[in-house]
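Thank you all for coming; I would like to take a few minutes to walk through one chain, beginning with its overall make-up and then moving to some local details. Please have the sequence and the model open while I talk.

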Amino acid sequence: MNTTVDLHGLTPPDLAAHLRQNGVTVTDAETRRLMGWAISQGRLDFDQMPKPVPRRVRDALGTLTTAHRPRVLERVTDPIDHSVRYLFEAHDGKIFETVRIPLHKENHFSVCLSSQAGCAMKCDFCATGRLGLLRNLTAAEIVGAFCAVRDEAPGRVSGAVFMGQGEPFHNYDAVLQAAAVLSHPCGGRVAQKSITISTVGLIPRIEQFTKEGHKYRLIVSLTSAIDEKRARMMPVAGRWKVAQLAQALKARTQATGRRATLAWVLMGGVNHGQDEVEALKTTFAGIPLRLNLIDINDSRPDGYRRATDAERNAFMDALQILGMPIVRRYSVGQSEDSACGMLAGKASAALDDASGRALQAAPAL
Ligand code: SF4
């Protein structure tokens, strides 16, 4: 049975398996060279490889594989932080975004990736959530977008974060397959520890992720440790309670020996009170944590507002009792609408306050 697959969604062993299933004899070394040329180098002119694979294999590639990248509709550079927002159009017209984020290290970048067009999670403070889920992206589309951004970067792309549109664990298999390609030495060449996956807390998938032993970083967007309040902002909390989330993270810290990272989208008048500190203290007692604090951006239509400096400082002071590292992150791209929640379909990113490194992107808030 002849089937066509997109090279962007494959690791070298995947390509070898696909070719062999279709009667093509190929060595592992040949598939590594092919994928290195196609994904690491971003080249599809296989005749030009310094050490070409046999002609029959190249011919088979022509009939058994494709290599499409989503079309770039728009690139917008933020004049202040120099992040670049890419708007992509998939083959079926679905729109999604990716943001290139400058890292503190000169000429190094991270890419904030979308995992879905739209999102089913409907977080109340998120513009993407208001779109609803349009569809899952394929691993090939995710990697294709990464390659398109990387090939235009004026330096090395050494990080990737799944914090653009969509809930990555709602599209688990495609996201993990994309991460496998991105981290492969013949693929995106991003270190596994430099790939971050963010989730609002789909517990079965967190447990699966832990059980499978992935080395990628995981961030759980908590935003409130009080079930009723969290459920009002994040409908996923109606299904899984904070205490269940804490148990899943406890198991994860035991398996990895590392702190669990929580993201906290800070909203003025909403989630910076002593009640939150107490809930965190009670529910996460004994679990080594790190907290990323992200200000929601201003100028929003949904009634949420950015916390004042006094509100934020009081919260950060109160959190000291928990003895965990607290890292404040900044959204990038605000001046060009690519920051959290400024417009539906705008991905966003955040800068590490302490080091100035743009380690992570924040969800489209
Ligand atoms: S914050 Fe993330 S999970 Fe929630 S609706 Fe937005 S994109 Fe989806």
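When I say that a residue sits in a loop between two elements, the elements I have in mind are helices and strands taken as DSSP runs, with at least four residues for a helix and at least two for a strand, numbered from the N terminus. In that sense Thr223 is placed in the loop between β11 and α8, the latter covering residues 227-233. What we are looking at is a predicted model, and I will come back to Thr223 towards the end.

Let me start with the chain as a whole. It has eleven helices and 15 strands, and of its 365 residues 57% are buried. If we take the contacts between residues at least 6 apart in sequence, 64% of them join residues at least 24 apart.

Now to strand β10, which spans residues 195-199 and is mostly covered, five of its five residues being buried. Ile195, Ile197 and Thr199 point one way from β10, while Thr196 and Ser198 point the other way, and all are buried. On one side of the pairing, strand β9, residues 156-162, runs parallel to β10 and is joined to it by three bridges, with Val161 standing opposite Thr196. Strand β11, residues 217-221, also runs parallel to β10, and here four bridges make the connection; Thr196 stands opposite Arg217 in this pairing.

The connections between these strands come next. A right-handed β-α-β unit is made by β9, helix α6, which covers residues 172-183, and β10. From β10 the chain then crosses through helix α7, residues 203-211, to β11, and this β-α-β crossover is right-handed.

How buried or exposed is α6? Nine of its twelve residues are buried, so α6 is largely enclosed by the rest of the structure. Among the buried ones are Tyr172, Val175, Leu176, Val181 and Leu182, and what covers the buried residues of α6 includes α2, α5, β9, β10 and α7. As for its length, twelve residues at 1.5 Å a residue should span 16 Å, and the end C-alpha atoms of α6 are 16 Å apart, which agrees.

Just before β9 we find Ala153, in the loop between α5 and β9, and this residue is buried, with a relative accessible area of 15%. Leaving aside neighbours within four places in sequence, Ala153 is in contact with Arg100 and Phe109; Arg100 is 53 residues away in sequence, yet the two C-alpha atoms are 7.9 Å apart.

Elsewhere, the axes of helix α1, residues 12-21, and helix α3, residues 55-64, come within 11 Å and cross at roughly 90 degrees. The two helices are therefore roughly perpendicular to each other, and their contact is made by Leu15, His18 and Leu19 of α1 with Val57, Ala60, Leu61 and Leu64 of α3.

Finally, a word on backbone angles. Most residues other than glycine have a negative phi. His82, which is not a glycine, has a positive phi of about 65 degrees; it lies in the loop between β3 and β4 and, at 49% relative accessibility, counts as partly exposed. Thr223, to return to where I began, likewise has a positive phi, near 70 degrees, but Thr223 is buried, with a relative accessible area of 0%.

How values were computed
Residues numbered from 1 in each chain as written. Predicted model: local features only at pLDDT ≥ 70, side-chain atom pairs only at ≥ 80, totals over all residues. Heavy atoms only, no water. Buried < 20%, exposed > 50% of the residue type's maximum accessible area, 1.4 Å probe, protein only. Pairing = 2+ DSSP bridges. Right-handed = clockwise from strand over helix to strand, strands pointing away. Expected span 1.5 Å × (residues − 1). Contact = heavy atoms within 4.5 Å. Axes fitted to C-alpha atoms, helices over the stretch in contact; angles between N-to-C directions. Parallel < 35°, antiparallel > 145°, perpendicular 65-115°, else oblique.
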